[in-house]
Structures are given as C-alpha cells and as structure tokens.
Amino acid sequence: MYTQAIDIPQGGKEEAPRGPRSLQDGEYEAEFDARVARGEFVEPKDWMPEAYRKTLVRQISQHAHSEIVGMLPEGNWITRAPSLKRKAILLAKVQDEGGHGMYLYAAAETLGVSRDELIEALHSGKAKYSSIFNYPTLSWADIGVIGWLVDGAAIMNQIPLCRCSYGPYARAMIRICKEESFHQRQGYDLLLTMMKGTVEQRELVQDAVNRWWWPALMMFGPHDSASTHSGDSSKWGIKRISNDDLRQKFVDATVPQAKVLGVTLPDPMLSWNEARGHWDFGPIDWQEFWNVVAGHGQCNRDRLADRVQAWEDGAWVREAALAHAQKQRHRDRLAA
Ligand SMILES: [Fe+2]
Ligand SMILES: [Fe+2]
C-alpha cells in the first residue's frame, strides 16, 4: 500500500523550503526542471532542489511507515484464518507489505536520511502513515475488504508513481504494484467465496464494506482544492494524477465489482452520470479524516504502541547483526 493521502503535513513546524541560494543554484534548478520536463529520472547523486528532496523524504517515508503499520490490522487475523490456504495467502500478503516497507525505507535513505531518523519520526508521532490503518479489523470479511478496497485504492494511487521523477522510488513502485495487484485479487476472491456461503457470511461482507468504503475513498487524500503539496509535486513529476481524478477512477472501477460481488456500497447518492461518463458519489466526511490524521482514530494509539514494542523487542537482533558485522570486519583486517 499506500500513498498520496499520506503526503500530508507532518506534525510540528516544518522549515520553509529554500529557494535558489546563488546564481549557480538557479542554473542548476533550471537544468533540473528541464530534465524533469523531458521525463528523465533524477538519481540519488544528482543535484536536486532542497524542497524536492524534502518532499520525497516525507512522501517515501510516510509510504514506508504505512506499509509497516499496515501489517498490523491484517497480521491480527493470521492465527484466525479459516483454512490453511487462506492462512498461507494472508501470511504471504503481510510479508509482502513488510518487504514494501523495506524497499521504501531504502529508497528514502538514498536521499541522505538515516533509517533510525525515519523510525524515530514515526515513533514520536511526528511522521504520518496512512489513516486507513487506524480502523479496526472486526471480522474475517474485513481481510477480504481490505484486499479489495484498500489495496485496490493503493494500486490506483501507486501506478502513476512507477513513472515518478525520482528513480529509486519509481523502480521500487514497479515491483510493489505487481504485488499489490495480487493483494487486491486475493481479497476479492475471499469475498466471492464468502458471498457464496451462508446468510451470516454475506452479512459479514456487507458490514465490512459499509465500514471500509468511506475510509477507502479518503485514502486519495483531500480534494484537489485543499491539497497542500500537490502543486510542487505535479511540477516535479512526483504526482502525475490529482487526488480527485484518482478517486473518481477508483469509484468508476469499483462500482461494477460491487455489483458482481452482490454487495451495496453505503452511499445513497451513488448514481451514474451519463453526461460526465462517471459515477457521482456523495460528500466525504473530511472532519473524520482529519480527526484520524490528528491521532484520534479508533486504533492510532494501539498501532503506534505495537510498532514501538516491536522495535524494542527487535533491539537484540540489530545489536547481534552489528556485533557480527564488526567481528567480520576484524577478521577481514587480520586476514589482509
Ligand atoms: Fe504494500
Ligand atoms: Fe498490499
């Protein structure tokens, strides 16, 4: 998972982006803008404007945090998966999300920020992660709906990032998107199976859809008119399609899938607009979105506490790996 919506301001005061500092910087900046306009990739050692670097560090690290925190609501169901097949699929999916986090932390590190700094920003609450993971997973149907809607929204957000201007981020996104597509399909397959089951199973699916539909729409971030970072991100080739356009694409793709599944989407204003050639949908409760972003969602505290606990529990592994590397270096020096 899980982007765009997570390119939102961090907590605390951010430094204002610096403009060109000298005539030379101005020349570099003109060359940089021209390269991005030509559709070329920017690579780690290339000159880049400080504000571009900062935007990428914020976006890639929020994305990485979202992958890692996103393991929690689903990991919660691994022991309760209803069959060995479903358990194996869910294990693989949660492991994929961990892998996505690792590629993305590595991509962020190429911008001159350390893994420890990034983790510290998450644990202190300064860095954000996608708000969708602050909702609880109440039944097995939630696992299917997360795959279908949450990973589905993530794919919509992330496919344009495969063409983003920063090379390491774009390359990481290619593999991530392939895996997300598997995540989406396993969720939909799980739901199709449940919908062929008992009345109770069908009710669980409908209930999960009712709870996840609006938060999934919020994953695309604020309306274009209220999106703080969109202007620069578009100019720099980081963001290719606006939040509202992506949200519309998602709604248009999902409504027919809901019909095949046999569920209703919880929006009485959902209707086909012949003139626009798109589905119209009702207003989003942005107050709820900002409330969850501000840390007051149902699971914000649990999620952060679980991450901090996992970090502390893993301290001995990091220490052992460092000690091993040191011993190795020592042996290599003696051998040389
Ligand atoms: Fe992912
Ligand atoms: Fe995923």
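The following exchange concerns an iron site and a pocket in a predicted model.

Visitor: What makes Glu 97, Asp 151, Glu 180 and His 183 the donors of the iron ion (ligand 2)?

Guide: Their atoms OE, OD, OE and ND1, respectively, lie at 2.0 to 2.2 Å from the iron ion (ligand 2). Donors are N, O and S atoms within 2.8 Å of the metal, so these four qualify.

Visitor: Why is the site of the iron ion (ligand 2) called irregular?

Guide: The angles among its four donor atoms run from 88 to 156°. A tetrahedral site requires all angles to lie between 85 and 135 degrees, so the upper value of 156° excludes that class. The site is therefore classed as irregular. Along the chain, the donors follow the spacing E-x53-D-x28-E-x2-H. Asp 151 lies in helix 6 (residues 140-158) and His 183 in helix 7 (residues 167-195), so the pair links parts that are 32 residues apart in sequence.

Visitor: How do you know whether Asp 151 and His 183 are buried or exposed?

Guide: Buried means under 20% relative accessible area. Asp 151 has a value of 0% and therefore counts as buried; His 183, also at 0%, is likewise buried.

Visitor: Which residue coordinates both the iron ion (ligand 2) and the iron ion (ligand 1)?

Guide: Glu 97 coordinates both, and the two ions are 3.4 Å apart.

Visitor: What makes up the lining of the second largest pocket?

Guide: The lining comprises 13 residues, and Met 102, Ile 119, Arg 307, Trp 311 and Arg 318 lie nearest the centre of the pocket. Helix 5 gives the most, with five residues. The lining divides into seven nonpolar, two polar and four charged residues.

Key: Residues are numbered from 1 along each chain as its sequence is written. Chains are lettered from A and ligands numbered from 1 in the order in which they are written. This is a predicted model: local features need pLDDT of at least 70, side-chain atom pairs count only at pLDDT 80 or more; totals for chains, interfaces and linings use all residues. Side-chain values use heavy atoms; hydrogens and water are left out. Donors are N, O and S atoms within 2.8 Å of the metal (3.2 Å for Na, K and Ca); water is not among the atoms, so sites may look incomplete. Four donors count as tetrahedral if all angles lie between 85 and 135 degrees; four count as square planar and six as octahedral if opposite donors are over 155 degrees apart and all others between 65 and 115; anything else is irregular. Helices (H or I, at least four residues) and strands (E, at least two) are DSSP runs, numbered from the N terminus. Buried means under 20% relative accessible area, exposed over 50%, partly exposed in between (1.4 Å probe, protein chains only). On a 1 Å grid over the protein atoms alone, a cavity is a set of points where a 1.4 Å probe fits but cannot get out, and a pocket is an open set with protein on both sides within 12 Å along at least five of seven lines; lining residues have an atom within 4 Å of a point. Ala, Val, Leu, Ile, Met, Phe, Trp, Tyr, Cys and Pro count as nonpolar, Asp, Glu, Lys and Arg as charged, and the others, Gly among them, as polar.
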